[in-house]
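Thanks for agreeing to look at this one with me. Here are my notes, set out point by point so that you can follow them alongside the model.

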Amino acid sequence: MPHKLDRLLRPRSVALVGASPKEGSVGRGMITSTGMAGTPSKIYFVNPGYAEIDGQPCYSSLGALPETVDMAVLGIANARLEAALDEAIAAGVGGVTIFASGYLENDAEPKLTERMARKARAAGLAICGGNCMGFYHLDFGLRVCGFPPPDWIRKGNVAFITHSGSAFSALCHTDRRFGFSLAVSAGQELATNVADYLDFALDIPATKVVGLFLETVQIGRA
């Protein structure tokens with residue numbers, strides 16, 4: 001049975017908004033992450049500043065893509081987030097990953113994070129983040145991060161869900177003892193919360209152990 005987070009965490013197609021050839025940039029990092037061996041998803045690049053990257057076409061917008069993608073990764077600055085989220089919703093995207101914090105200087109009320117959360121909820125859009133590191137669904141084969149994981153990261157039986165990006169990096173990027181079915185940096189939980197990720201993780205047959213690193217519990221009953 002399909003899960004409500006399938007288009008976010010098990011996407012058939014992914015658009016990297018803000019994809020860039022610049023070494024050391026988030027735009028390059030998410031290209032490297034999603035391009036690692038075993039990725040099952042079709043990957044598209046979106047950036048109006050480039051016609052192609054690494055010999056692959058780069059599209060000007062989500063609307064210019066040849067298909068409606070399941071998930072869009074927004075590797076862009078805070079000032080561009082709301083317009084990009086509006087575009088994703090208009091394009092029929094099912095899930096979005098947001099690395100940026102969503103904080104704007106002298107922002108109007110309601111704040112950008114609340115505006116994005118409201119829009120996502122109204123559209124039924126799943127969001128990983130904002131202010132997150134991304135996720136690794138290693139049971140599926142997809143890695144979504146602005147800072148690529150080491151090539152030794154491996155599939156295993158641990159599902160790790162954390163609010164803390166530092167904890168995500170510490171376990172996933174430095175400790176070779178762990179193999180993950182799913183690792184999620186949940187960040188601000190704008191539209192998708194830890195309980196949602198936990199429900200998804202428990203649906204993965206490989207999951208034998210779950211680790212939660214929580215700064216707050218949004219929905220205690222769930």
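**Notes on the model**

1. Let me start with Gly27, which lies in helix 2 (residues 26-34). Please keep in mind that this is a predicted model. Gly27 counts as buried, because its relative accessibility is 5%, below the 20% cut-off. Leaving out residues up to four places away in sequence, Gly27 touches Gly18, Ala19 and Ser20. Val93 is 66 residues away from Gly27 along the chain, and their C-alpha atoms are separated by 20 Å.

2. Val93 leads us to the nonpolar cores. Val93 is included in a core of 25 residues, together with Leu62, Ala88 and Ile98, among others; this is a second core, separate from the largest one. The largest nonpolar core has 32 residues, and the members that touch the most others are Leu16, Phe45, Val73, Phe135 and Tyr197. Helix 6 (residues 194-201) supplies the largest share of this core, with four residues. In soluble globular proteins, nonpolar side chains tend to be buried together.

3. Tyr197 deserves a closer look. Neighbours within four places in sequence aside, Tyr197 contacts Leu5, Leu8 and Leu9, then Ile127, Cys128 and Gly129, and also Ile161, Leu182, Val184, Ala186 and Thr192.

4. Gly129 also takes part in a cis peptide bond, with Gly130 as its partner and omega at about -5°. Gly130 sits in the loop between strand 7 (126-129) and strand 8 (134-137). Asn131 is in the loop between strand 7 and strand 8 too, and its phi is near 55°, a positive value for a residue other than glycine. With a relative accessible area of 44%, Asn131 is partly exposed. I would mark this loop for your attention, because most residues other than glycine have a negative phi, and most peptide bonds are trans.

5. Another cis peptide bond runs from Glu109 to Pro110, where omega is near -5°. Pro110 is placed in the loop between strand 6 (95-98) and helix 4 (112-123).

6. Glu189 is not a glycine either, yet it has a positive phi of about 55°. Its place is the loop between strand 11 (180-185) and helix 6. Is Glu189 buried or exposed? Glu189 is buried, because its relative accessible area of 10% falls under the 20% limit.

7. Now for the chain as a whole. The protein chain has six helices and twelve strands. Its radius of gyration is 16 Å, close to the 17 Å that the globule rule gives for 222 residues, so the chain is as compact as a globular protein of that length. The C-alpha trace spans about 45 × 40 × 35 Å along its principal axes. Of the 222 residues, 55% are buried. Taking contacts between residues at least 6 apart in sequence, 68% join residues at least 24 apart.

8. Last comes the surface and the charges. The protein chain exposes about 10100 Å², of which carbon and sulfur atoms supply 52%. There are 20 positive and 21 negative charges, and the mean positions of the two sets are 4 Å apart.

Conventions. Residues are numbered from 1 along each chain as its sequence is written. This is a predicted model: local features need pLDDT of at least 70, side-chain atom pairs count only at pLDDT 80 or more; totals for chains, interfaces and linings use all residues. Side-chain values use heavy atoms; hydrogens and water are left out. A nonpolar core is a set of buried Ala, Val, Leu, Ile, Met, Phe, Trp, Tyr and Cys residues joined through side-chain atoms within 4.5 Å. Buried means under 20% relative accessible area, exposed over 50%, partly exposed in between (1.4 Å probe, protein chains only). Helices (H or I, at least four residues) and strands (E, at least two) are DSSP runs, numbered from the N terminus. Contact means heavy atoms within 4.5 Å. The radius of gyration is taken over C-alpha atoms; the globule rule is 2.2 Å times the number of residues to the power 0.38. Accessible areas come from the Shrake-Rupley method with a 1.4 Å probe; for residues, only the protein chains shown count as cover. Lys and Arg count as positive and Asp and Glu as negative; His and the chain ends are not counted. The place of a charge is taken as NZ of Lys, CZ of Arg, CG of Asp or CD of Glu.
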